[in-house]
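Open the model in your viewer and keep the sequence panel beside it. This tour goes from one selection to the next.

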Amino acid sequence: MATSNKEIVKLYSFCHSSCSFRVRIALAYKGISYEYIAINLSQGEQFSDDFKKINAFSTVPVLVDNGFIVSDSLAILEYLEEKYPEPSLFPADSKKRALVRQVVNNIVSSIQPLQNLNVLKKIEALAGSDERLKWAQYFIENGFIALEALLTTEAGKCCFGDKFSMADAVLIPQVYNARRFKVDMEKFPLLKRIAGFIEELPFVQAAKPEKQPDFVPLRP
Ligand SMILES: N[C@@H](CCC(=O)N[C@@H](CS)C(=O)NCC(=O)O)C(=O)O
């Protein structure tokens, strides 16, 4: 469903932010056009007083929908799903929906936060840059081992059968981070295969970091 001309949707985003990438995928999937507002996390723009007025947690993404402000990628994804139900980010079957949420919540709460910028900055300060990379790799690989096992009985071309779901919208940015932190994706053939398929979909292509107006190459 596309937005009407009267709707004004804005997304505060950083090209490399996996949390923003999730939302960009969902917006593109649902055909919702939006204004992109770049917040450069590398330069600390998330800590500016102006941005804190929009999100006191100093994180992206933040969605502004006709003046309504909501942060946190999962809250945004659920909001978009309710407001624009078609095409849906969930399968019809309630058990499958629960499993999609299981995958989503595990990535969102048990993988990404452990390798978020603020955590890695702290690790680097405490233990040096080698440990920073090893830390990120450790937690991504740990999570991917579980996902690879869980999805074995569920996956088709996508995480759940051949239908794109919120699990795919959240997995792809995490695979992007895995590559960025030099995780060997050969260890995860199923996730690699799913990512290979999903990443070619036009709405995922449009949401990729390198397609964003604020793209700059970043260190791993
Ligand atoms: N639970 C939040 C987490 C948001 C988050 O951690 N965003 C990261 C980018 S992916 C961020 O803004 N980090 C800024 C920082 O660590 O200073 C969500 O899912 O949106």
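**Stop 1: the ligand**

Select the ligand and display the pockets; the ligand sits in the largest pocket. Keep in mind throughout that this is a predicted model.

Now show the residues around the ligand. There are 17 of them. Which come nearest? Label C19, Q46, V60, D72 and S73.

Colour the shell by residue class. Six of its residues are nonpolar, nine are polar and two are charged.

**Stop 2: polar contacts**

Turn on distances between the ligand and the protein.

- Start at V60. A polar backbone atom of V60 is 2.8 Å from a nitrogen atom of the ligand.
- Go to N118. Here a polar backbone atom lies 3.0 Å from an oxygen atom of the ligand.
- Finish at R22. This time a side chain takes part: one of the polar side-chain atoms of R22 is 3.4 Å from a ligand oxygen.

How much of the ligand does the protein bury? On its own, the ligand exposes 520 Å², and the protein buries 89% of that.

**Stop 3: helices and domains**

Select α1, residues 18-29, and α5, residues 117-127. Each supplies at least two residues of the shell around the ligand. Which element gives the most to that shell? That is α1, with three residues.

Next, colour by domain: domain 1 covers 9-87 and domain 2 covers 94-204. The shell around the ligand takes at least three residues from each of these domains.

**Stop 4: backbone details**

Go back to V60 and look at the bond that follows. The V60 to P61 peptide bond is cis, with omega near 10°. P61 itself is in the loop that runs between α2 (49-54) and β3 (62-65). Recall that V60 is also among the residues that come nearest the ligand.

Move to E86 and P87. The peptide bond joining them is cis too, with omega near -10°. Look for P87 in the loop between α3 (73-83) and α4 (94-110).

Last selection: N66. Where is it found? N66 lies in the loop between β3 and β4 (68-71). Check its backbone angles: phi is positive, about 50°, although N66 is not a glycine.

Definitions and conventions
Residues are numbered from 1 along each chain as its sequence is written. This is a predicted model: local features need pLDDT of at least 70, side-chain atom pairs count only at pLDDT 80 or more; totals for chains, interfaces and linings use all residues. Side-chain values use heavy atoms; hydrogens and water are left out. A residue is near a molecule or strand if one of its heavy atoms lies within 4 Å of it. A polar contact is a pair of N or O atoms within 3.5 Å; within protein, one must be able to donate a hydrogen and the other to accept it, and residues adjacent in sequence count only if both atoms are side-chain atoms. Accessible areas come from the Shrake-Rupley method with a 1.4 Å probe; for residues, only the protein chains shown count as cover. On a 1 Å grid over the protein atoms alone, a cavity is a set of points where a 1.4 Å probe fits but cannot get out, and a pocket is an open set with protein on both sides within 12 Å along at least five of seven lines; lining residues have an atom within 4 Å of a point. A molecule sits in a cavity or pocket if more than half of its atoms lie within 2 Å of its grid points. Helices (H or I, at least four residues) and strands (E, at least two) are DSSP runs, numbered from the N terminus. Ala, Val, Leu, Ile, Met, Phe, Trp, Tyr, Cys and Pro count as nonpolar, Asp, Glu, Lys and Arg as charged, and the others, Gly among them, as polar. Domain bounds come from an automatic or database domain assignment.
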